[in-house]
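Me: Please take a close look at one part of this model, the nonpolar patch on its surface, and then set that part in the context of the rest of the chain.

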Amino acid sequence: MLLAGLCTVDVVQRVEEFPEPSEKVQSLQVDVAAGGPATNAAVTVAALGAEATLVTALGAHPLAALARADLEACGVDLVDLAPQRTQAPPVSAVVVRDGDGERTVVSRNAAADKPLELPDLAPLFDGVGAVLVDGHHPELALAVAREARDREVPVILDAGSWKPVLDQLLPLVHVAACSARFRAPAPDLAERGVSVTITTAGPEPVVWSTTEDSGQVPVPLVEARDTLGAGDVWHGALAYAVAARDNAVPDWIGYANAVAAERVRHVGPRSWTGPVGELAKSREEGVR
């Protein structure tokens, strides 16, 4: 599977309570991991047992080595389109509250970066069953989506917020998976050519619609210990399900819901990957 978009370095502090202004607190745990929508989705796909190739811009800054090492440990194949870039990659400062897993994030994305010089991406599509784009690095998102569309490979969009590139990108998208806060200017997504629109809202049922049908799928009730990246994990699991091409939309969503629910039960940015892999194996054995 091919996933294209943002890669950040996440510095994650776990605390008993969020600090007040001017207050200093001691963290219970600190982790450093690669982050970003497409990146966490790629880690999810790899955890589920599929090949995951992440196309992004990481660079040669010392901080980039931290993300690179994490992705290698997670089994993600990295295609770095800016290997000589010396500026620091985007960094996210994350605080997770221990009692309920809620988090706050201060981050910087790649919006101010220079456009990437893209190589021929066609060789990356051999054997690819689906692609996911997050809209970051706009020229990359468009190039990947156009190549996928030409090859009749489904394109999944992680639509967390409106970005200018979406005017061009949405007509190339098969599945738009939107957060509850996502707002698109008229015309609506279906009129822009999107076949399937899905909207998530945390623990609330996931709502979906196509040109022929619509519905909602409940989210499993679990004790949340860590919600960091849960939406990204959900998108990765959705892309994995779409790539299988043998189920209906509610089945895709049910699978993504189950994987994301397993993620939030575990503390830390990567502690969930093993249990998610076991979940995938058990579900496959159940189908057989």
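**The patch and its surroundings**

Reply: In this predicted model, Val11 is partly exposed, because its relative accessible area of 31% falls between the limits of under 20% for buried and over 50% for exposed. Val11 lies in strand β2, which covers residues 8-15, and together with Val30, Val32, Leu66 and Val91 it makes a nonpolar surface patch of about 360 Å².

The wider setting of the patch can be described from a record and from the computed fold. An unreviewed UniProt entry places the feature "domain: Carbohydrate kinase PfkB" at residues 5-270; over residues 5-270 the chain is 27% helix and 24% strand, with the end C-alpha atoms 19 Å apart.

Helix α6, at residues 249-264, offers a contrast in cover: 13 of its 16 residues are buried. At 1.5 Å a residue, the 16 residues of α6 should span 22 Å, and since its end C-alpha atoms are 23 Å apart, the expected and computed values agree.

The cysteines complete the picture. A disulfide is a covalent bond between the sulfur atoms of two cysteines, and with a cut-off of 2.5 Å between sulfur atoms the count comes to zero disulfides. Cys7 is in no disulfide, as the nearest cysteine sulfur, that of Cys74, is 11 Å away. Cys7 counts as buried because its relative accessibility is 1%, and Cys178 is likewise buried, with a relative accessible area of 3%.

Key
Residues are numbered from 1 along each chain as its sequence is written. This is a predicted model: local features need pLDDT of at least 70, side-chain atom pairs count only at pLDDT 80 or more; totals for chains, interfaces and linings use all residues. Side-chain values use heavy atoms; hydrogens and water are left out. UniProt positions are given in the numbering used here, feature names are shortened, and annotations may be inferred rather than shown by experiment. Helices (H or I, at least four residues) and strands (E, at least two) are DSSP runs, numbered from the N terminus. Patches are made of residues with over 30% relative accessible area and no salt bridge: like charges are joined within 9 Å, nonpolar side chains (Val, Leu, Ile, Met, Phe, Trp, Tyr) within 5 Å. Accessible areas come from the Shrake-Rupley method with a 1.4 Å probe; for residues, only the protein chains shown count as cover. A salt bridge is a side-chain nitrogen of Lys or Arg within 4 Å of a carboxyl oxygen of Asp or Glu. Buried means under 20% relative accessible area, exposed over 50%, partly exposed in between (1.4 Å probe, protein chains only). The expected span of a helix is 1.5 Å times one less than its number of residues.
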